Amino acid sequence: MSQDSRSRIDRFWLLLLILPPLLILPNLGNTFLWQDEAETALLGRSVARHGLPVAHDGRRTISDQPGAPDVSEDGLWIWTPWLQHYAVAGSFALFGESNATARLPFALAGWGTILASYGFFRAIAQRLLTARLAVLLLATSVPFLLQVRQCRYYAWVPLFVVLHLWGDLRLARSQRGGAPLLTLAGLGLFFTLLPQLVVSTLAVLADALFRRNRRLLAPVLACSAVVALLSAPYFLYTQGWSRDYLGLGHGYDSPARYAATLRAYLIAVQIYAWPFLWAGVALLASSRDLRPELGRPGRALAVIAPIVFVIAATAPPSAASFAALFGISIVAFAA
């Protein structure tokens with residue numbers, strides 16, 4: 001390896017190999033599995049024993065639904081995709097059964113999300129500093145760390161979303177591996193959380209439609225078709241279109257439930273994301289090195305950002321404060 005190639009090695013990867021495991025992996029087994037975690041772990045044990053997520057163990061049925069609609073006539077679990085159960089089964093087979101080993105595959109997926117995110121951020125960011133700040137915000141996000149330490153599919157969703165979008169980006173740039181990455185990540189999303197696959201597929205299709213190079217649309221459609229064909233048997237067997245939880249509606253046919261869920265997520269964004277976002281904007285806008293580069297908008301942000309940060313950090317979360325912060329963010333970044 002030449003001196004020039006060695007100088008181009010990004011040593012920030014070393015930090016991502018050391019810091020996230022210290023934040024994610026310690027004390028994975030120091031609390032009991034809560035209800036949904038226990039469900040995932042029991043089905044993982046079933047996979048380890050039977051090769052399939054059999055929901056009956058001879059004495060009881062794994063179900064939290066009246067009438068057990070989450071179990072097929074064959075006695076197999078059909079309510080949530082199976083990837084998480086097979087991940088737990090693999091961990092149990094390798095390391096034995098415990099709270100820690102039940103959570104280990106998801107903690108590792110969370111670490112993988114951080115690594116994949118940095119690669120993706122580097123591919124899309126014009127400045128290396130931007131990619132580094134973005135991945136550090138992710139790696140030190142307490143809600144993210146708490147989610148990926150659970151024996152539940154939560155950690156797999158961001159990992160496959162990042163890989164799905166990265167595959168689309170590589171296709172758009174005619175880089176190697178774009179189509180396989182897009183397809184495999186799509187399958188990963190299907191066997192993790194179907195609604196997220198739908199949203200991510202619509203996003204990459206919209207990207208293909210709105211790019212000036214329409215040649216991207218054909219490979220994206222082809223990859224999505226492969227995902228659909230390979231997923232169809234499982235989707236039909238598990239009746240993936242029917243998920244009326246406790247008779248409350250599917251979400252899309254219950255506007256009130258959908259609106260309440262959306263409001264909860266938006267308030268979480270307001271609490272956990274915007275204060276950090278605007279703190280970062282304030283720091284960047286006040287940088288002497290960046291101020292000439294940012295020009296007049298940068299001078300305006302240097303005044304606005306600290307004020308908005310204080311509002312975001314102290315305002316009680318509500319629909320009104322979310323709308324106000326959202327409007328300010330759109331105007332500021334559009335300018």
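Student: Which residues in α8 are buried?

Tutor: Keep in mind that this is a predicted model. Helix α8 is mostly covered, with 12 of its 17 residues buried. Going along the helix, they are W156, V157, L159, F160, V161, V162, L163, H164, G167, D168, L169 and L171.

Student: And what do the buried residues of α8 pack against?

Tutor: Contact here means heavy atoms within 4.5 Å. By that test, the buried residues of α8 pack against α4 (83–95), α5 (99–124), α9, α10 and α11.

Student: How far apart are the end C-alpha atoms of α8, and what span should its residues give?

Tutor: Helix α8 covers residues 156–172, which makes 17 residues. At 1.5 Å a residue the helix should span 24 Å, and the end C-alpha atoms agree with that, being 24 Å apart.

Student: What follows α8, and what is the sign of its phi?

Tutor: You'll find this residue in the loop between α8 and α9. Most residues other than glycine have a negative phi. The residue after α8 isn't a glycine, yet its phi is positive, near 55°, and its name is S174.

Student: Is S174 buried or exposed?

Tutor: The cut-off for exposed is over 50% relative accessible area. S174 has 69% relative accessibility, so it counts as exposed.

Student: Which residue in the loop between α2 and α3 should I look at for its phi?

Tutor: Look for a residue that has a positive phi of about 55° although it is not a glycine. At 55% relative accessibility it counts as exposed. In that loop between α2 and α3, the residue is N27.

Student: How many salt bridges does a search of the whole structure find?

Tutor: Side chains of opposite charge can pair when their charged atoms come close. Here a pair counts when a side-chain nitrogen of Lys or Arg is within 4 Å of a carboxyl oxygen of Asp or Glu. Searching the whole structure on that basis gives 6 salt bridges.

Student: Which residue forms a salt bridge with D10?

Tutor: The closest N and O atoms of the pair are 2.8 Å apart, and D10's partner is R132. The pair links distant parts of the chain, with D10 in the loop between α1 (3–7) and α2 (12–24) and its partner 122 residues away in helix α6 (residues 128–139). D10 counts as buried at 10% relative accessibility. At 27%, the partner counts as partly exposed, and that partner is R132.

Student: What does E37 pair with, and which helices hold the two residues?

Tutor: E37 forms a salt bridge with R103, with the closest N and O atoms 2.8 Å apart. Both E37 and R103 are buried. The pair ties together parts that are 66 residues apart in sequence, because E37 lies in helix α3 and R103 in helix α5.

Student: Which residue forms a salt bridge with E39?

Tutor: E39 is in helix α3, and its partner is 113 residues away in the loop between α7 (142–148) and α8. E39 counts as buried at 8% relative accessibility. The partner counts as buried too, at 6%, and is R152. Closest N and O atoms of the pair are 3.3 Å apart, again between E39 and R152.

Student: What is D36 in contact with, leaving aside its neighbours within four places in sequence?

Tutor: D36 sits in helix α3 (residues 35–50). Its relative accessible area is 17%, so D36 is buried. Leaving those neighbours aside, its contacts are D64, C151, R152 and Y154.

Student: How far apart in space are L104 and C151?

Tutor: L104 is in helix α5, where it touches L25, L28, S91 and F95, not counting residues up to four places away in sequence. L104 and C151 are 47 residues apart in sequence, but C-alpha to C-alpha the spacing is 7.8 Å.

Student: What volume does the second largest pocket have, and which element gives the largest share of its lining?

Tutor: The space in the second largest pocket is about 210 Å³. Of its 15 lining residues, the closest to the centre are F190, L197, V227, A228 and S231. By class, the lining has 9 nonpolar, 6 polar and no charged residues. The largest share, 7 residues, comes from α11.

How values were computed:
Residues are numbered from 1 along each chain as its sequence is written. This is a predicted model: local features need pLDDT of at least 70, side-chain atom pairs count only at pLDDT 80 or more; totals for chains, interfaces and linings use all residues. Side-chain values use heavy atoms; hydrogens and water are left out. On a 1 Å grid over the protein atoms alone, a cavity is a set of points where a 1.4 Å probe fits but cannot get out, and a pocket is an open set with protein on both sides within 12 Å along at least five of seven lines; lining residues have an atom within 4 Å of a point. Grid points are joined across faces, edges and corners, and a volume is the space filled by probe spheres set on the points. Helices (H or I, at least four residues) and strands (E, at least two) are DSSP runs, numbered from the N terminus. Ala, Val, Leu, Ile, Met, Phe, Trp, Tyr, Cys and Pro count as nonpolar, Asp, Glu, Lys and Arg as charged, and the others, Gly among them, as polar. The expected span of a helix is 1.5 Å times one less than its number of residues. Buried means under 20% relative accessible area, exposed over 50%, partly exposed in between (1.4 Å probe, protein chains only).
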